[in-house]
Amino acid sequence: MRVVSLFSGAGGLDLGFKLAGNDIVWANDIDENACATYRENIGDHIVCEDIKDIDIKSIPAADIVIGGFPCQGFSLANLRRSIDDERNQLYKFFYSVIKTLKPKFFVAENVKGILSLGGGSVIHQIEADFQDAGYMTSVNLVNMADYGVPQTRQRVIILGQRKDIADDFIVSLPKKTNSKNPDKDGLPKWISIKKAIDRFPDPDKENNVLNHTYSSYKVTYRNFTGHRQTDPDKPSPTILARGNGKGGVCAIPHYNGKRRLTIRESAAIQTFPDNFYFHGTMGACYRQIGNAVPVHFAQLLGEEFKKVEDMI
């Protein structure tokens, strides 16, 4: 499948689709560090520009468009006009690309909160917009831990399929591979953070592990995101892109209680390969990782699209 990627970041979603055997033909992000990371690890096809400066007609044809979009621009007082809200230009761009390129499928990733925004009216408006553009949609709340990712990360995955492809969806989410309750579900237990990162050497001793440095932000436990104690026998809490209320990054505490996770450990929890190198300052690297879709889940999802390749 030919894939166009929007708001690509460091490329977690893209890498997963690529590992599944799909072809990423075009990608875009505005962040220079993320684009440098993407180029080194995935390919030179990423365009590092503001979306306002991109002519949609210059984007190559694709079978699938993937990416995420922010939803701050939705006017709850007048949802029908939300797509024209200036603050909503990223959503509008994603929508316009879908409407212009008319891919067979699209995948949009978003935070869990989009489901409750406006009492659910925002997600219903998004579905209506894509319905008008010629697509049926499936809105899914997933916990990445259910798919072998060592992290309790809940995200919304919106699948879109062009209406002329089939009367019903021919592509779906991958089957769950892990469970919080293995005895009940007959699946292997969720993967713990200790199992995921215990192989890495002490970052305070000499080593040759890429990006194996960590924030000096003191570990203090309190009931607040990024400051809760990490249980080594459970999946990691959600790896954050922002965490202190001011836009800064707050890395998750290591389960030893002495420091925070290194960039490399955070990336491993997001299932990036150990040889995937991140460019930029420490904060920029943490942010790229926190914004990413876990690579392993993305690969499982990409494989679902490969399964239907011969059906269309």
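The largest cavity first. Its volume is about 50 Å³. This is a predicted model, so to speak of the cavity is to speak of computed space. How many cavities reach 30 Å³ or more? The count is 1.

Now its walls. Ile239, Leu240, Val249, Cys250, Ala251, Ile252, Leu261, Ser266, Tyr286 and Ile289 line the largest cavity. Sort that lining by class: 9 nonpolar, 1 polar, no charged residues. Ser266 is in the lining, and serine falls outside the nonpolar and charged sets, so Ser266 is the polar one.

Next, the largest pocket. About 1,200 Å³ of space lies in it. The lining runs to 44 residues. Which of them lie nearest the centre? Phe7, Asp29, Pro70, Arg242 and Asn291. By class, the pocket lining divides into 18 nonpolar, 15 polar and 11 charged residues. Recall the cavity lining: no charged residues there.

Where does the pocket lining come from? At least two residues each are supplied by strand 1 (2-6), helix 1, strand 2 (23-29), strand 4, helix 3 (89-101), strand 5 and helix 8 (282-291). Helix 8 gives the most, with 5 residues.

On to the cores. The largest nonpolar core has 54 residues. Which residues have the most contacts inside it? They are Phe17, Ile197, Phe278, Phe297, Leu301 and Phe305. Helix 9, residues 295-307, contributes the largest share of this core, 6 residues. Apart from that core lies another, of 29 residues. Ile54, Ile98, Ile123 and Phe130 are among its members.

Let's stay with helix 9. It has 13 residues. From first C-alpha to last, helix 9 reaches 19 Å, close to the 18 Å expected at 1.5 Å a residue. Which of its residues are buried? Val295, Phe297, Ala298, Leu300, Leu301, Gly302, Glu304 and Phe305. Note Glu304: a glutamate, and buried.

What do those buried residues pack against? Helix 1 (12-19), plus four strands by name: strand 4 (64-68), strand 5 (105-111), strand 6 (135-143) and strand 7 (154-162). Helix 1, strand 4 and strand 5 also supply residues to the lining of the largest pocket.

One residue to finish: Phe297. It is buried in helix 9, and it is listed with the most-contacted residues of the largest core. Set aside neighbours within four places in sequence. Phe297 is then in contact with Val142, Met144, Tyr147, Val149, Ile157, Leu173 and Pro174.

Terms used:
Residues numbered from 1 in each chain as written. Predicted model: local features only at pLDDT ≥ 70, side-chain atom pairs only at ≥ 80, totals over all residues. Heavy atoms only, no water. Core = buried A, V, L, I, M, F, W, Y, C linked by side-chain atoms within 4.5 Å. Buried < 20%, exposed > 50% of the residue type's maximum accessible area, 1.4 Å probe, protein only. Contact = heavy atoms within 4.5 Å. Expected span 1.5 Å × (residues − 1). 1 Å grid on protein atoms, 1.4 Å probe; cavity = no way out; pocket = protein on both sides within 12 Å on 5 of 7 lines; lining within 4 Å. Points joined across faces, edges and corners; volume = space filled by probe spheres on them.
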